[in-house]
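Me: I am new to this structure and would like a close look at its pockets. Please describe what lines them, and then turn to any helix packing worth following.

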Amino acid sequence: MKEIQKQSPVKFGIIGTNFISDRIIEAGHEDPRFEAIAIYSRTQESADAFARKHGIPHTFTRLEDMLAGNLIDAVYVASPNFLHAEHTLLCLSHGKHVLCEKAFAASFPEAESMVREARNRNLVLMEAMKPTLTPNFIQVIRNLNRIGQVRSYFSCFCQYSSRYDRFKAGEVLNAFTPGMSVGALMDIGVYTIYPMVVLFGRPKQIKASGFLLHNGVDGAGTVQFTYDDLLATVMYSKIADSSLPTEIQGEEGTITLDRINIISDVCLHNRREKTIENLTQPAIHHEYYYEIADFIDQIQSGTLESPANTHQNTLVTMEILDEVRRQVGNK
């Protein structure tokens with residue numbers, strides 16, 4: 001593995017030219033340790049257009065060519081979910097650290113193999129789950145003890161997909177294509193589950209229900225989780241909108257978050273004092289900055305694993321996603 005000096009920029013290769021990759025590069029500009037060196041796409045036209053937009057010097061249509069040699073130190077994987085494991089394992093086999101988009105993999109066995117390979121090679125592997133790394137989520141962790149014994153976790157992320165109208169018109173895009181590990185759960189439902197795992201760990205029981213579209217891909221779902229001392233419920237949808245907040249209820253108070261995917265407002269409601277305390281931290285960085293900074297921190301410190309987006313949290317979440325899909329029958 002190539003040695004990286006503590007203050008040297010980490011040279012990134014990017015897999016995928018969709019809007020998420022755009023945002024990662026925009027956020028990366030806020031960290032002087034981030035340097036986008038190369039872009040991989042299936043077509044030269046797409047790679048060239050993305051490179052021009054972001055001033056990236058190297059383009060590739062063969063992934064092995066981008067990974068060869070010492071051109072890059074790390075890879076941001078933003079390919080379709082069903083390709084995450086294949087691409088991540090290939091990057092790791094070439095000695096590259098990997099920041100992999102959520103959902104981390106298509107299944108728990110895939111995720112387990114990715115983690116095992118990273119550990120065997122002493123490389124950093126992190127799931128790009130952005131909310132759990134932000135100052136506002138850290139505020140939740142810091143103040144959780146103030147609401148007493150936690151009894152309930154509720155999180156809702158329902159967002160009408162811009163691609164759903166085209167699906168109803170008969171055009172099936174990747175977001176609703178069976179076999180690609182997509183659908184409401186894998187795309188946005190994971191945002192409601194991963195923070196729950198970070199806060200409370202693995203649930204004892206899972207009971208899921210969902211609405212399947214005509215091709216077997218889930219459009220919406222609800223999952224109930226049972227822990228020793230609390231109950232949790234999550235709702236997610238790509239076929240309807242919701243403005244419901246995320247809420248953590250304790251015996252002495254409640255913490256509310258306006259949105260679980262981009263947390264911009266956090267409040268603590270004190271039951272005894274009948275007060276509402278604003279815990280919100282001002283937004284001083286791009287929403288994707290924190291995952292990039294955390295990932296680079298691990299590379300430069302040699303820690304190999306994020307303290308928040310740990311391998312364990314990722315694997316437990318993948319176990320949950322597998323079980324929910326089994327119960328719902330999602331393709």
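Reply: The second largest pocket in this predicted model has a volume of about 240 Å³. It is lined by 18 residues, and those closest to its centre are Thr134, Asn136, Ile262, Ile263 and Ala283. By class, the lining of this second largest pocket holds eight nonpolar, eight polar and two charged residues.

The largest pocket encloses about 1,200 Å³ of space. Its lining comprises 45 residues, and Asn18, Phe19, Ile20, Arg163 and Asp187 lie nearest the centre. Sorted by class, the lining of the largest pocket has 20 nonpolar, 16 polar and nine charged residues. Three helices each supply at least two residues of that lining: α1 (19-28), α4 (84-93) and α8 (184-200). Of the elements, α8 gives the most to the lining of the largest pocket, with four residues.

Helix α8 also takes part in a helix pair. The axes of α6, residues 135-143, and α8 come within 11 Å and cross at roughly 35 degrees. The crossing of α6 with α8 is right-handed. On the α6 side, the contact is made by Phe137, Val140 and Ile141, and on the α8 side by Pro195, Val198 and Leu199. By class, this contact between α6 and α8 has six nonpolar residues, with no polar and no charged ones. Helix α8 thus appears in two settings: in the lining of the largest pocket, where four of its residues take part, and in the contact with α6, through Pro195, Val198 and Leu199.

Key
Residues are numbered from 1 along each chain as its sequence is written. This is a predicted model: local features need pLDDT of at least 70, side-chain atom pairs count only at pLDDT 80 or more; totals for chains, interfaces and linings use all residues. Side-chain values use heavy atoms; hydrogens and water are left out. On a 1 Å grid over the protein atoms alone, a cavity is a set of points where a 1.4 Å probe fits but cannot get out, and a pocket is an open set with protein on both sides within 12 Å along at least five of seven lines; lining residues have an atom within 4 Å of a point. Grid points are joined across faces, edges and corners, and a volume is the space filled by probe spheres set on the points. Ala, Val, Leu, Ile, Met, Phe, Trp, Tyr, Cys and Pro count as nonpolar, Asp, Glu, Lys and Arg as charged, and the others, Gly among them, as polar. Axes are lines fitted to C-alpha atoms, for helices over the stretch in contact, and angles run from 0 to 180 degrees between N-to-C directions. A crossing is left-handed if the near helix is turned anticlockwise from the far one by less than a right angle, and right-handed if clockwise. Contact means heavy atoms within 4.5 Å.
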